[in-house]
Amino acid sequence: MSDARAMWDAAAEGMAPEVRQALQLNGVQALLAWVKERSPMQRERLAHVDRAAVRSLADFAALVPLSTKDELRAAMDRVGSALPHLCVPREDIVLSGPSAGTSGRQTYQAFDAHDLDHNVELAARLFWCSGLRPGDVLQMLVTPFTPAADIFRLGAQRAGAQWIIRDNHEPAQVPRYVEVARSLKPTFLQAGVATLRAMAQHAAATPEGGALPYRRAILMGAALGPEARAQFRQTLGIEVTTLSGQGSDFNLFSTECPAHDGEHWHGEDMTLVEVIDPATGAPVHEGDVGEMVITDFYRRATPHVRWRTEDMVRVHPGVCSCGRTSRRFTLLDRLANRVPVRGGAVYPFQVETALSRSEEGRNLEFALVRRAVEPQVLEVRLLRPATLAADATTGVAQRLQAHLDAELKLPTRVSFHDDLPRVGYKTLRVLDDRTA
C-alpha cells in the first residue's frame with residue numbers, strides 16, 4: 001500500500017477539457033465510419049448520417065439518432081443474430097456475455113483484445129479512485145456470469161491487489177461471506193449496498209459482534225445517503241465509496257474519490273457522455289437532472305452509438321479537489337423506477353435520502369409499490385433487520401412513516417417484511433401490482 005500517487009493515469013484523468021473534447025470529436029467521427037462499414041444494425045440505422053457533416057460534438061448530437069436496448073433487441077430478430085452490432089470477426093472475440101436481463105430479454109456484448117485491455121484500464125482507474133492500493137486483498141461479490149466479473153478482477157489486479165476472493169452475492173450466503181471475511185481478512189470489499197447492509201446486520205447478531213476486517217468498500221446497485229455512509233464509517237470503521245454505471249451493456253462505471261463530491265466518469269478520454277432531457281432529447285444545463293447517453297468510441301467489437309441508458313443523473317459543477325478533470329455525476333435513479341402517487345411521482349433515491357436522515361431508517365433496505373391505479377398514499381416496504389425484534393416493528397414503522405411523511409411531503413404507508421425481492425446484488429426497488 002505504498003504507492004501514494006493521487007491518480008492511476010494523471011495524463012488521462014487530469015486532461016484539459018478542450019483537449020478531451022477534441023479527442024472525443026475524433027473518436028466519434030472514426031466510430032461512425034467503423035460501424036457503418038461493419039455492423040448490419042448500424043449500417044441500416046445510420047444510413048442517412050453523413051460523417052463529413054459531423055464537424056463538432058454538437059453536430060454529432062444533432063445528426064445522429066439516439067439508440068435504445070429495444071432497438072438492439074429488434075435488430076437481433078431482424079438480422080437473426082445475438083450480436084447484430086458486432087463489428088469484428090467472431091474469431092477476434094476474447095470475451096462475451098449476456099446482460100442480467102433485469103429490464104427484459106437479455107442482450108449481449110463482446111470484446112476483442114483491444115476492447116478488453118481498455119476496459120481493464122478503466123477498471124484499474126476506478127479501483128484506484130476508490131482507494132484500493134497495492135497489497136490490498138479484495139473480496140469481490142459480483143454477478144459471476146457477466147463480463148464485468150472478469151473485467152473487475154483484471155482491473156483490480158492491474159491496480160495492485162495482492163489477491164482476490166471471488167464470490168456471488170446471494171442473500172442466503174451472507175453468513176458465508178461474513179465467515180470468509182473474518183477468516184481471510186480482506187482489506188477491501190466490492191459488493192452491493194444491500195449485501196454490505198445484510199453482512200453488517202448478520203455480523204452484529206453473532207457472538208463475535210459486528211466487526212468486519214475491511215479498510216474500504218466500494219458499493220454498487222443503489223443510491224447511498226451521506227448519513228448512511230457515515231454510519232458505515234462509525235459502526236464498522238469502513239470508508240465507503242459508491243460505484244454506478246452500465247455493467248450489463250458497457251462495463252463502464254463512475255466512482256467516488258475520497259472527496260465524495262459525485263462520481264467521476266473514468267472513461268471520458270474513451271467515451272462521449274451526454275446528459276439529455278429524456279422527453280425532448282435536448283442537452284440539459286449543468287446541475288440539472290437528465291438522462292445519461294453514452295457513445296463508447298474506443299470499442300471495436302460491439303460499440304454503442306448514442307445509447308440511452310435510462311439512468312437519471314445530475315452533473316456536479318466545477319472541478320473536483322482531487323485533481324481529476326473528468327465530469328462528476330450523481331446517479332439518481334432509472335426512468336423506469338418512477339412511482340406515480342397523488343398527482344406527482346416519487347423515485348427510490350428520494351426515499352433512500354429521506355431514510356438516511358432517520359437514525360432508525362438509516363441503511364434499511366426498502367421497496368416501493370407501484371399500483372395500476374395511481375394511489376393517494378405511497379406504500380413503502382422495509383426489510384426487517386435481524387437486530388429488530390418482530391414485536392417492535394409496529395412502533396418503528398409508525399415513527400418512520402411520520403418521518404417519511406414530513407420528508408417527502410406526502411402521505412406514506414410503511415410496513416416491515418421478512419423478505420423483499422432481489423435481482424442479483426440489488427433489492428428490487430419498485431414492485432408493481434403483480435410483483436407485490
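Let's start where two helices meet: α6 and α7 cross in a right-handed sense. Keep in mind as you look around that this is a predicted model. Two packed helices are described by the angle between their axes and the distance between the axes. For α6, which covers residues 113-129, and its partner α7, the angle is about 60° and the axes lie 7 Å apart.

Who makes the contact? From α6 come L116, D117, N119, V120, E121, A123, A124, L126, F127 and W128, and they meet I151, F152, L154, G155, A156, R158 and A159 of α7. By character, the residues of this contact divide into twelve nonpolar, two polar and three charged.

Now follow α7 on its own. This helix runs over residues 147-159, 13 residues in total, and spans 18 Å between its first and last C-alpha, close to the 18 Å expected at 1.5 Å a residue. An α-helix has 3.6 residues a turn, so residues three or four places apart point the same way. With that in mind, look at the buried residues of α7: P147, A148, A149, I151, F152, G155, A156 and A159. Just after the helix comes G160, with a positive phi near 115°.

Finally, turn to the cysteines. How many disulfides does a search of the whole structure find? The search finds zero. C257 is an instructive case: the closest cysteine sulfur, in C320, is 3.6 Å from its own sulfur, which is too far for a bond because a disulfide needs the sulfur atoms within 2.5 Å. C257 is also buried, with a relative accessible area of 0%. Another cysteine to visit is C87, buried with a relative accessible area of 3%.

Conventions: Residues numbered from 1 in each chain as written. Predicted model: local features only at pLDDT ≥ 70, side-chain atom pairs only at ≥ 80, totals over all residues. Heavy atoms only, no water. Helix = DSSP H or I, 4+ residues; strand = E, 2+ residues; numbered from the N terminus. Expected span 1.5 Å × (residues − 1). Buried < 20%, exposed > 50% of the residue type's maximum accessible area, 1.4 Å probe, protein only. Axes fitted to C-alpha atoms, helices over the stretch in contact; angles between N-to-C directions. Left-handed = near helix turned anticlockwise from the far one by under 90°. Contact = heavy atoms within 4.5 Å. Nonpolar A, V, L, I, M, F, W, Y, C, P; charged D, E, K, R; others polar.
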